[in-house]
Amino acid sequence: MVRGAYLVFGKGPSPEVARRVAKTARKIEAAPPRWLLDWIPAYDSIFVEFDEGVVGCAELEAWATRLASDEGGEEEAARVIEVPVRYDGPDLAEVAARAGLEPGEVARLHAGTEYLVYAVGFTPGFPFMAELPPPLRLPRRPAPRPRVPAHSVGLAGVQTGIYPQESPGGWNLIGRTLVRVYDPHRDPIFLLQPGDRVRFVPAEGEPPPPPEPVGLLGREGRPLLRVLEPGLLTLPLDRGRHRAGRYGLARSGPLDARAFAAAARMVGGAGTALELNLAGPLLEALEGVTVALAGTGPGYDGRWARTVTLRKGETLDLRRPGPGARSYLALPGGLALARFMDSASPDLKGRIGRPLAAGDVLLQATPERTRRLERVWRAAPLEPREGPVRLRILPGPQASPEALAALAAGVFRVGSADRMGLRLEGAPVLGGEVTSEGVPLGAVQVPPGGSPMLLLADRGTIGGYAKPAVLHPADLPRAGQLKGGDLVRFVIVEDAPAYCMIKL
């Protein structure tokens with residue numbers, strides 16, 4: 001099972017702490033052990049994910065202590081990079097009023113400081129920089145915006161940052177850059193990296209359009225299916241993208257890993273499938289083929305899995321695939337998919353891959369082997385379950401008795417749901433701001449406004465809101481099947497902590 005740990009080097013933004021974090025991160029990147037699944041440097045810590053079946057917290061601490069010593073590793077000379085900004089953000093007037101300044105003074109003050117890039121994360125290429133001049137140090141918004149425009153320049157506490165692409169966000173927005181800090185088609189992909197110094201330059205002009213998505217559908221292989229109707233959000237994917245969190249790329253992969261694995265294994269274990277979200281596609285068989293389908297339902301006992309054999313010219317209608325928000329379709333031999341940073345899974349915020357579109361042709365990656373399809377996941381009867389969906393939680397990095405009690409006391413309604421996570425409605429939970437740090441998969445994050453968010457596979461990798469709880473890893477597939485309007489009840493369990501805290 002995957003487990004997380006925080007390697008803590010200090011408290012808050014500090015150039016000396018940043019030097020130690022960056023040096024240790026470079027040592028990890030130079031020789032990552034096989035059991036290390038990801039590492040995400042931030043201001044004063046590195047969040048790591050590891051296979052606890054191979055190492056435990058004690059072995060991890062010994063490994064981290066050796067790495068964090070000042071022996072070995074090279075220091076990198078800082079680059080100074082100028083970034084042009086048009087200062088006209090939607091929060092500029094409010095920031096000026098709260099700081100007791102004119103909007104032009106806010107722009108001059110912000111642009112008159114040189115900032116250190118401490119980390120890259122949250123979304124691909126998002127730079128976390130500090131420290132802001134004292135008059136501009138304002139708290140985040142009580143509730144994050146659902147959509148922040150691409151290239152927005154924001155303020156939060158002592159930090160300033162740039163949203164490389166449209167995403168949710170709770171920072172105060174004062175302008176937009178006139179250059180891309182992230183472009184998956186460019187070399188280098190990321191304009192800024194930890195250790196850089198940044199100077200903002202007031203400028204006029206239009207922000208650039210978003211980069212074109214990186215195509216992941218394969219171009220070589222045996223054509224099996226044509227997309228007649230694409231469905232709401234049908235995504236080709238593999239098991240997910242590991243060891244890319246330090247760039248802000250999401251883990252991605254399936255939201256219900258059990259159903260994904262079942263569909264893939266039923267047709268030979270290729271490790272790729274289509275994820276169907278709510279309403280799936282209408283497909284036409286270009287030749288005879290047998291496909292596998294699997295899914296679950298969060299409010300049901302049981303699961304379903306089946307195979308479907310199609311003759312050439314027949315259609316497969318998956319516009320109502322089954323209970324639950326998501327199900328999975330796998331082809332024998334697997335889908336022919338390209339890879340970006342060692343994964344064929346999309347990162348929609350990072351313009352990596354895209355949902356299926358009408359006219360797409362799905363290609364078989366490898367020739368189908370002539371053997372019986374495996375029945376590795378026998379379907380059990382689906383029976384509706386009474387009451388809210390039960391999700392187990394473990395104490396998180398900012399656990400408090402008050403926050404855990406509030407999470408366990410009531411029933412929450414899913415207000416909205418997507419691959420980033422679930423916005424929950426109910427009684428307020430004690431939350432707030434923390435120094436931006438790596439975010440565990442399944443974190444229950446609570447902004448100052450008190451409305452929890454349960455973070456899923458496309459979560460931001462770094463965040464600055466309190467995380468009083470983390471979902472039990474075994475319940476991630478169930479959470480991935482939730483949709484707007486579903487009811488949730490959290491249950492605190494006494495398993496091992498969701499993470500290790502290692503002070504270096």
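**Close-up 1. Helices H1 and H2 come within 9 Å of each other, axis to axis, and cross at roughly 115°.** In this predicted model, H1 covers residues 15-30 and H2 covers residues 57-68. The crossing angle makes H1 roughly perpendicular to H2. The crossing itself is right-handed. If you are new to helix packing, it helps to know that two packed helices are described by the angle between their axes and the distance between the axes.

**Close-up 2. Side by side: the residues where H1 meets H2.** From H1, look for Arg20, Thr24, Lys27 and Ile28. Their partners in H2 are Trp63, Leu67 and Ala68. Sorted by class, this contact is made of four nonpolar residues, one polar residue and two charged residues. As you trace the helix, remember that an α-helix has 3.6 residues a turn, so residues three or four places apart point the same way.

**Close-up 3. Helix H1, its length and its buried residues.** Here is a friendly piece of arithmetic to follow: with 16 residues at 1.5 Å a residue, H1 should span 22 Å, and because its end C-alpha atoms are 22 Å apart, the two values agree. Which residues of H1 are buried? They are Val17, Ala18, Val21, Lys23, Thr24, Ala25, Lys27 and Ile28. The cover over these buried residues includes H2 along with strands S2 (36-41), S3 (45-51) and S5 (114-120).

**Close-up 4. Leu224, a buried residue in a strand.** Leu224 sits in strand S13, which runs over residues 222-229. Its relative accessible area is 1%, so Leu224 is buried. Leaving aside residues up to four places away in sequence, Leu224 touches Glu284, Ala285, Leu286, Glu287, Val289, Leu331, Leu362 and Gln364. Phe47 is 177 residues from Leu224 in sequence, and their C-alpha atoms are 42 Å apart in space.

**Close-up 5. Two loop residues, Gln481 and Glu494.** Start with Gln481, in the loop between helix H7 (476-479) and strand S30 (487-492). Is Gln481 buried or exposed? Gln481 has 0% relative accessibility and therefore counts as buried. Its C-alpha atom is 8.7 Å from that of Ser327, although the two residues are 154 residues apart along the chain. Now move to Glu494, in the loop between S30 and strand S31 (499-503). Glu494 counts as exposed because its relative accessibility is 74%. Between the C-alpha atoms of Glu494 and Leu237 there are 34 Å, with 257 residues separating the pair along the chain.

Note on methods. Residues are numbered from 1 along each chain as its sequence is written. This is a predicted model: local features need pLDDT of at least 70, side-chain atom pairs count only at pLDDT 80 or more; totals for chains, interfaces and linings use all residues. Side-chain values use heavy atoms; hydrogens and water are left out. Axes are lines fitted to C-alpha atoms, for helices over the stretch in contact, and angles run from 0 to 180 degrees between N-to-C directions. Helices (H or I, at least four residues) and strands (E, at least two) are DSSP runs, numbered from the N terminus. Angles under 35 degrees count as roughly parallel, over 145 as roughly antiparallel, 65 to 115 as roughly perpendicular and the rest as oblique. A crossing is left-handed if the near helix is turned anticlockwise from the far one by less than a right angle, and right-handed if clockwise. Contact means heavy atoms within 4.5 Å. Ala, Val, Leu, Ile, Met, Phe, Trp, Tyr, Cys and Pro count as nonpolar, Asp, Glu, Lys and Arg as charged, and the others, Gly among them, as polar. The expected span of a helix is 1.5 Å times one less than its number of residues. Buried means under 20% relative accessible area, exposed over 50%, partly exposed in between (1.4 Å probe, protein chains only).
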